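The following paragraphs lead the reader through a predicted model. They turn to charged pairs, to a helix and its surroundings, and to the surface.

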Amino acid sequence: MPAVADLQHAELDLADEAATQAFGVRLASYLEPGDVIALEGDLGAGKSTLARALIRELGVEGEIPSPTFTLIQQYDTPYLMVAHVDLYRIEDDSEIEELGLEDALDYGALVVEWPERLGRAFAPGRVKGRLNLTLTLEDKGEDPAIEKRKLSAVGYGTWGPKLARITQ
Ligand SMILES: Nc1ncnc2c1ncn2[C@@H]1O[C@H](COP(=O)(O)OP(=O)(O)O)[C@@H](O)[C@H]1O
Ligand SMILES: [Mg+2]
């Protein structure tokens, strides 16, 4: 088997919405142009919640709308350009091409919900750094107001050591 020294796994419990936001905030200072943050999980799992906390931490003020309908929202933050992308409504590859994601990745980072629909150009080995995050809804506990999530993270390339630092 090939040695994949820079591949890093982590599992985290996100006890509530604030924990999900706190994780997004932690990612912000490690984000670099050329990074792909892939957010997987069912509807309502917390993908947009995490993405918004990350973007807010980069200094974006005002509303951070979900890109569900616009498919892409671009932010010129004080640190770097970030494109927040939601591919849920994409039906074929030509629609993805129109979004200009390759250009956006040349000068900034991509934060992508429903990344299963991204082309091979954005696969872990093809980009500088990629962090795959999968959010899973947990069964509700005794208090229905508290919704726990499980977070499974895999860091590739430059995101291997960065994930290790964030989760240690
Ligand atoms: N632990 C948690 N992490 C993230 N969101 C949570 C959590 N607990 C409850 N929520 C709620 O779940 C919803 C998640 O919505 P959203 O982030 O838009 O999901 P997605 O983008 O994955 O469809 C929000 O209404 C949020 O308040
Ligand atoms: Mg969403």
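A salt bridge is taken here as a side-chain nitrogen of Lys or Arg lying within 4 Å of a carboxyl oxygen of Asp or Glu. The pair E147 and R149 meets this criterion, with the closest N and O atoms 3.2 Å apart. The two partners differ in their surroundings: E147 is partly exposed, at 31% relative accessibility, whereas R149 is buried, with a relative accessible area of 9%. By the same rule, the count of salt bridges in the predicted model comes to four.

Another of these pairs is formed by the side chains of D13 and K150, with an N to O distance of 2.9 Å. Because D13 belongs to strand β1 (residues 8–14) and K150 to strand β7 (residues 149–157), this bridge ties together parts that are 137 residues apart in sequence. Both ends are partly exposed, D13 at 47% relative accessibility and K150 with a relative accessible area of 33%.

A salt bridge also joins the side chains of K162 and E32, at 2.8 Å from N to O. K162 lies in helix α5 (residues 159–167) and E32 in the loop between α1 and β2, so the pair ties together parts that are 130 residues apart in sequence. K162 is buried, its relative accessible area being 5%, while E32 is partly exposed, with a value of 33%. The pair does not stand alone, for E32, D35 and K162 are linked in a network of salt bridges.

From charged pairs the account passes to helix α2. Which residues of helix α2 (residues 47–57) are buried? They are K47, S48, L50, A51, A53, L54 and I55. These buried residues pack against α1 (17–28) and against five strands, namely β2 (35–40), β3 (72–76), β4 (81–86), β5 (108–113) and β6 (129–137). After α2 comes G59, whose phi is positive, near 100 degrees.

The surface offers a further feature. E91, D92, D93, E97, E98, E102, D103 and D106 gather there in a patch of negative charge. The elements that contribute two or more residues to this patch are α3 (93–98) and α4 (101–107). One member, D93, has its place in helix α3. Exposed residues are those with over 50% relative accessible area, and D93, at 58% relative accessibility, therefore counts as exposed.

How values were computed:
Residues are numbered from 1 along each chain as its sequence is written. Chains are lettered from A and ligands numbered from 1 in the order in which they are written. This is a predicted model: local features need pLDDT of at least 70, side-chain atom pairs count only at pLDDT 80 or more; totals for chains, interfaces and linings use all residues. Side-chain values use heavy atoms; hydrogens and water are left out. Patches are made of residues with over 30% relative accessible area and no salt bridge: like charges are joined within 9 Å, nonpolar side chains (Val, Leu, Ile, Met, Phe, Trp, Tyr) within 5 Å. Accessible areas come from the Shrake-Rupley method with a 1.4 Å probe; for residues, only the protein chains shown count as cover. Lys and Arg count as positive and Asp and Glu as negative; His and the chain ends are not counted. The place of a charge is taken as NZ of Lys, CZ of Arg, CG of Asp or CD of Glu. Helices (H or I, at least four residues) and strands (E, at least two) are DSSP runs, numbered from the N terminus. Buried means under 20% relative accessible area, exposed over 50%, partly exposed in between (1.4 Å probe, protein chains only). Contact means heavy atoms within 4.5 Å.
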